[in-house]
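Visitor: Hi! Could you show me the structure, and then we chat about its aromatic rings?

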Amino acid sequence: MEKPDFRPIFFFDIDNCLYPRSKKVHDLMSVLINRYFETHLSLSAADADMLHMKYYKDYGLAISGLVVHHKVDPLEYNREVDDALPLDGLITPNPQLRELLEDIDTSTVKPWLFTNAYITHGQRVVKLLGIEDLFEGITFCDYNKLPFICKPHPQMYDKAEREAGARSSEDCYFVDDSHLNCVHAQARGWTTAHLLEHDMPEPPERASKYQIRDLESLRSIFPRFFKSTSAGRADQPNPSQL
(Lines give C-alpha, C1' and ligand atoms only; values in the text may rest on other atoms or scores of the structure.)
Protein backbone atom coordinates (compact mmCIF):
# COMPACT_ATOMS: atom_id res chain seq x y z
CA MET A 1 0.00 0.00 0.00
CA GLU A 2 1.27 3.46 -0.93
CA LYS A 3 2.25 5.59 2.04
CA PRO A 4 -0.02 8.63 2.58
CA ASP A 5 1.54 11.92 1.51
CA PHE A 6 0.98 14.47 4.27
CA ARG A 7 3.42 17.10 3.01
CA PRO A 8 2.16 20.69 2.81
CA ILE A 9 1.99 22.23 -0.67
CA PHE A 10 4.02 25.18 -1.89
CA PHE A 11 2.19 26.78 -4.82
CA PHE A 12 4.20 28.91 -7.26
CA ASP A 13 2.61 31.24 -9.76
CA ILE A 14 4.40 31.26 -13.13
CA ASP A 15 4.10 34.44 -15.20
CA ASN A 16 5.81 37.52 -13.74
CA CYS A 17 6.74 35.38 -10.76
CA LEU A 18 9.24 32.77 -11.95
CA TYR A 19 10.58 35.35 -14.40
CA PRO A 20 10.64 39.17 -13.94
CA ARG A 21 8.17 41.70 -15.32
CA SER A 22 11.06 43.28 -17.19
CA LYS A 23 10.73 40.47 -19.74
CA LYS A 24 7.51 42.27 -20.78
CA VAL A 25 5.71 39.03 -21.61
CA HIS A 26 2.47 40.57 -20.36
CA ASP A 27 2.87 43.47 -22.80
CA LEU A 28 3.47 41.08 -25.69
CA MET A 29 0.42 39.08 -24.68
CA SER A 30 -1.75 42.22 -24.58
CA VAL A 31 -0.74 43.00 -28.17
CA LEU A 32 -1.75 39.52 -29.33
CA ILE A 33 -5.03 39.62 -27.37
CA ASN A 34 -5.96 42.97 -28.90
CA ARG A 35 -5.05 41.65 -32.34
CA TYR A 36 -7.34 38.67 -31.76
CA PHE A 37 -10.21 40.99 -30.80
CA GLU A 38 -9.60 43.14 -33.88
CA THR A 39 -9.38 40.19 -36.27
CA HIS A 40 -12.14 37.94 -35.00
CA LEU A 41 -14.62 40.58 -33.84
CA SER A 42 -13.89 43.13 -36.59
CA LEU A 43 -13.11 45.89 -34.11
CA SER A 44 -10.95 48.99 -34.33
CA ALA A 45 -7.76 49.01 -32.28
CA ALA A 46 -9.32 51.34 -29.70
CA ASP A 47 -12.51 49.27 -29.37
CA ALA A 48 -10.53 46.04 -29.17
CA ASP A 49 -8.43 47.37 -26.29
CA MET A 50 -11.52 48.68 -24.49
CA LEU A 51 -13.38 45.35 -24.77
CA HIS A 52 -10.28 43.41 -23.81
CA MET A 53 -9.97 45.44 -20.61
CA LYS A 54 -13.68 45.10 -19.86
CA TYR A 55 -13.61 41.31 -20.14
CA TYR A 56 -10.44 41.12 -18.08
CA LYS A 57 -12.08 43.18 -15.34
CA ASP A 58 -15.42 41.34 -15.48
CA TYR A 59 -14.15 37.77 -15.82
CA GLY A 60 -10.50 37.68 -14.78
CA LEU A 61 -9.50 36.45 -18.24
CA ALA A 62 -10.21 38.01 -21.63
CA ILE A 63 -10.91 34.58 -23.11
CA SER A 64 -13.77 34.07 -20.64
CA GLY A 65 -15.63 37.07 -22.04
CA LEU A 66 -14.92 35.96 -25.59
CA VAL A 67 -16.41 32.53 -24.94
CA VAL A 68 -19.45 33.84 -23.08
CA HIS A 69 -20.36 36.60 -25.53
CA HIS A 70 -18.87 35.49 -28.85
CA LYS A 71 -18.65 31.68 -28.64
CA VAL A 72 -15.03 31.61 -29.76
CA ASP A 73 -13.02 28.39 -29.66
CA PRO A 74 -10.79 28.75 -26.59
CA LEU A 75 -8.13 26.40 -27.94
CA GLU A 76 -7.95 28.41 -31.16
CA TYR A 77 -7.53 31.53 -29.02
CA ASN A 78 -4.76 29.81 -27.07
CA ARG A 79 -2.94 28.93 -30.30
CA GLU A 80 -3.15 32.52 -31.57
CA VAL A 81 -2.31 34.23 -28.27
CA ASP A 82 -0.48 32.33 -25.51
CA ASP A 83 1.20 29.75 -27.73
CA ALA A 84 2.09 32.41 -30.31
CA LEU A 85 4.15 34.46 -27.84
CA PRO A 86 7.76 34.82 -29.05
CA LEU A 87 9.26 33.43 -25.84
CA ASP A 88 12.26 31.62 -27.31
CA GLY A 89 15.31 33.73 -26.54
CA LEU A 90 13.25 36.00 -24.30
CA ILE A 91 12.81 33.55 -21.45
CA THR A 92 16.06 31.65 -20.89
CA PRO A 93 17.40 29.23 -18.27
CA ASN A 94 17.92 30.90 -14.91
CA PRO A 95 20.65 29.12 -12.88
CA GLN A 96 19.92 31.15 -9.73
CA LEU A 97 16.24 30.24 -9.83
CA ARG A 98 17.09 26.60 -10.44
CA GLU A 99 19.48 26.62 -7.48
CA LEU A 100 16.74 28.05 -5.25
CA LEU A 101 14.20 25.45 -6.34
CA GLU A 102 16.70 22.60 -6.04
CA ASP A 103 17.26 23.73 -2.46
CA ILE A 104 13.61 23.01 -1.59
CA ASP A 105 13.44 20.02 0.73
CA THR A 106 10.84 17.89 -1.02
CA SER A 107 10.75 15.53 1.94
CA THR A 108 8.95 18.29 3.87
CA VAL A 109 6.99 20.20 1.19
CA LYS A 110 5.56 19.57 -2.28
CA PRO A 111 6.38 22.24 -4.91
CA TRP A 112 3.44 22.80 -7.28
CA LEU A 113 2.76 25.23 -10.15
CA PHE A 114 -0.44 27.30 -10.07
CA THR A 115 -1.29 29.42 -13.12
CA ASN A 116 -4.21 31.10 -14.88
CA ALA A 117 -2.70 30.16 -18.23
CA TYR A 118 -3.53 27.02 -20.19
CA ILE A 119 -1.22 24.07 -19.60
CA THR A 120 0.73 24.46 -22.85
CA HIS A 121 1.89 27.95 -21.91
CA GLY A 122 2.76 27.00 -18.34
CA GLN A 123 4.79 23.98 -19.43
CA ARG A 124 6.53 26.00 -22.14
CA VAL A 125 7.64 28.72 -19.70
CA VAL A 126 9.08 26.38 -17.07
CA LYS A 127 10.88 24.38 -19.79
CA LEU A 128 12.48 27.57 -21.17
CA LEU A 129 13.52 28.49 -17.62
CA GLY A 130 15.12 25.06 -17.24
CA ILE A 131 13.10 24.13 -14.14
CA GLU A 132 10.37 21.85 -15.50
CA ASP A 133 11.69 18.87 -13.51
CA LEU A 134 11.50 20.63 -10.13
CA PHE A 135 7.72 20.67 -9.63
CA GLU A 136 5.45 17.76 -8.84
CA GLY A 137 2.43 19.02 -10.76
CA ILE A 138 0.55 21.98 -12.20
CA THR A 139 -2.92 23.43 -11.70
CA PHE A 140 -3.97 25.52 -14.68
CA CYS A 141 -7.01 27.19 -16.23
CA ASP A 142 -8.54 24.41 -18.31
CA TYR A 143 -9.74 25.89 -21.61
CA ASN A 144 -11.52 22.59 -22.37
CA LYS A 145 -14.00 23.04 -19.52
CA LEU A 146 -16.69 25.70 -19.30
CA PRO A 147 -17.21 27.89 -17.44
CA PHE A 148 -13.55 28.79 -16.98
CA ILE A 149 -12.25 28.81 -13.43
CA CYS A 150 -9.24 30.99 -12.67
CA LYS A 151 -7.61 32.85 -9.80
CA PRO A 152 -8.88 34.62 -7.73
CA HIS A 153 -12.17 32.67 -7.87
CA PRO A 154 -12.55 30.43 -4.79
CA GLN A 155 -13.21 27.39 -6.99
CA MET A 156 -9.73 27.75 -8.51
CA TYR A 157 -8.11 27.52 -5.09
CA ASP A 158 -10.35 24.52 -4.33
CA LYS A 159 -9.13 22.93 -7.57
CA ALA A 160 -5.50 23.57 -6.68
CA GLU A 161 -5.87 22.03 -3.22
CA ARG A 162 -7.65 18.98 -4.65
CA GLU A 163 -5.19 18.38 -7.48
CA ALA A 164 -2.10 18.89 -5.31
CA GLY A 165 -3.50 16.70 -2.54
CA ALA A 166 -3.61 19.30 0.21
CA ARG A 167 -5.19 18.09 3.44
CA SER A 168 -6.46 21.57 4.32
CA SER A 169 -6.03 25.23 3.43
CA GLU A 170 -3.69 25.56 6.40
CA ASP A 171 -1.28 23.19 4.62
CA CYS A 172 -0.95 25.53 1.63
CA TYR A 173 1.83 28.05 0.97
CA PHE A 174 1.78 30.41 -1.98
CA VAL A 175 3.79 33.03 -3.85
CA ASP A 176 2.28 35.21 -6.59
CA ASP A 177 2.91 38.65 -8.07
CA SER A 178 -0.82 39.44 -8.20
CA HIS A 179 -2.05 41.51 -5.27
CA LEU A 180 -5.63 40.29 -5.77
CA ASN A 181 -4.67 36.62 -5.98
CA CYS A 182 -2.68 36.95 -2.77
CA VAL A 183 -5.53 38.69 -0.96
CA HIS A 184 -7.89 35.82 -1.77
CA ALA A 185 -5.35 33.12 -0.96
CA GLN A 186 -4.59 34.71 2.41
CA ALA A 187 -8.31 35.01 3.17
CA ARG A 188 -8.87 31.28 2.72
CA GLY A 189 -6.05 30.39 5.09
CA TRP A 190 -3.09 29.94 2.75
CA THR A 191 0.23 31.27 4.05
CA THR A 192 0.95 33.75 1.30
CA ALA A 193 3.88 35.82 0.05
CA HIS A 194 3.15 38.68 -2.35
CA LEU A 195 6.05 39.12 -4.77
CA LEU A 196 6.58 42.82 -5.35
CA GLU A 197 9.65 43.49 -7.47
CA HIS A 198 12.20 46.10 -6.37
CA ASP A 199 10.95 48.76 -8.78
CA MET A 200 7.29 48.32 -7.83
CA PRO A 201 5.69 50.80 -5.39
CA GLU A 202 4.28 49.68 -2.08
CA PRO A 203 0.54 48.92 -2.34
CA PRO A 204 -1.81 51.03 -0.17
CA GLU A 205 -2.63 47.84 1.74
CA ARG A 206 -0.55 44.71 2.08
CA ALA A 207 -2.00 41.78 0.15
CA SER A 208 -0.92 39.10 2.60
CA LYS A 209 1.09 38.21 5.66
CA TYR A 210 4.38 38.38 3.78
CA GLN A 211 5.62 40.74 1.11
CA ILE A 212 8.89 39.98 -0.65
CA ARG A 213 11.00 41.70 -3.28
CA ASP A 214 12.54 38.54 -4.77
CA LEU A 215 12.09 34.79 -4.60
CA GLU A 216 15.36 34.36 -2.72
CA SER A 217 13.58 35.86 0.30
CA LEU A 218 11.50 32.69 0.55
CA ARG A 219 14.43 31.04 2.30
CA SER A 220 14.28 33.50 5.21
CA ILE A 221 10.48 33.38 5.44
CA PHE A 222 10.17 29.60 5.25
CA PRO A 223 13.59 28.24 6.32
CA ARG A 224 12.21 24.80 7.18
CA PHE A 225 11.32 24.19 3.54
CA PHE A 226 14.88 24.67 2.26
CA LYS A 227 17.76 22.27 2.80
CA SER A 228 20.27 25.06 3.31
CA THR A 229 18.29 26.79 6.07
CA SER A 230 16.18 24.08 7.71
CA ALA A 231 18.50 22.70 10.39
CA GLY A 232 17.04 23.53 13.78
CA ARG A 233 15.10 26.57 12.61
CA ALA A 234 11.44 27.45 12.72
CA ASP A 235 9.93 29.92 10.27
CA GLN A 236 11.34 33.27 11.39
CA PRO A 237 10.78 36.00 8.80
CA ASN A 238 12.92 39.08 8.59
CA PRO A 239 10.99 41.97 10.19
CA SER A 240 11.23 43.91 6.90
CA GLN A 241 9.14 41.21 5.22
CA LEU A 242 6.28 41.40 7.69
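Guide: Let's go through the ring pairs, then burial, then charges over rings.
Guide: This is a predicted model, where local features need pLDDT of at least 70, side-chain atom pairs count only at pLDDT 80 or more, and totals for chains, interfaces and linings use all residues. Residues are numbered from 1 along each chain as its sequence is written, and side-chain values use heavy atoms, with hydrogens and water left out.

Visitor: How many aromatic pairs are there in the whole structure?
Guide: A search finds 23. Rings of Phe, Tyr and Trp (its six-membered ring) pair if their centres lie within 6.5 Å; planes under 30 degrees apart are stacked, over 60 edge-to-face, the rest tilted.
Guide: Phe114 and Phe174, for example, are a tilted pair, 5.7 Å centre to centre with 55° between the planes.

Visitor: What does that pair tie together?
Guide: Phe114 is in strand S2 (residues 110-114) and Phe174 in strand S4 (residues 172-176), so the pair joins parts 60 residues apart in sequence. Strands (E, at least two residues) and helices (H or I, at least four) are DSSP runs, numbered from the N terminus.

Visitor: And how do Phe174 and Trp190 pair up?
Guide: Their ring centres are 5.4 Å apart and their planes at 85°, so this pair is edge-to-face.

Visitor: New topic: is Trp190 buried or exposed?
Guide: Trp190 counts as buried because its relative accessibility is 1%. Buried means under 20% relative accessible area, exposed over 50%, partly exposed in between (1.4 Å probe, protein chains only).

Visitor: Which charged end sits over the ring of Phe114?
Guide: That of Lys151, 4.7 Å from the ring centre. The rule is NZ of Lys or CZ of Arg within 6 Å of the ring centre and within 35 degrees of the ring normal.
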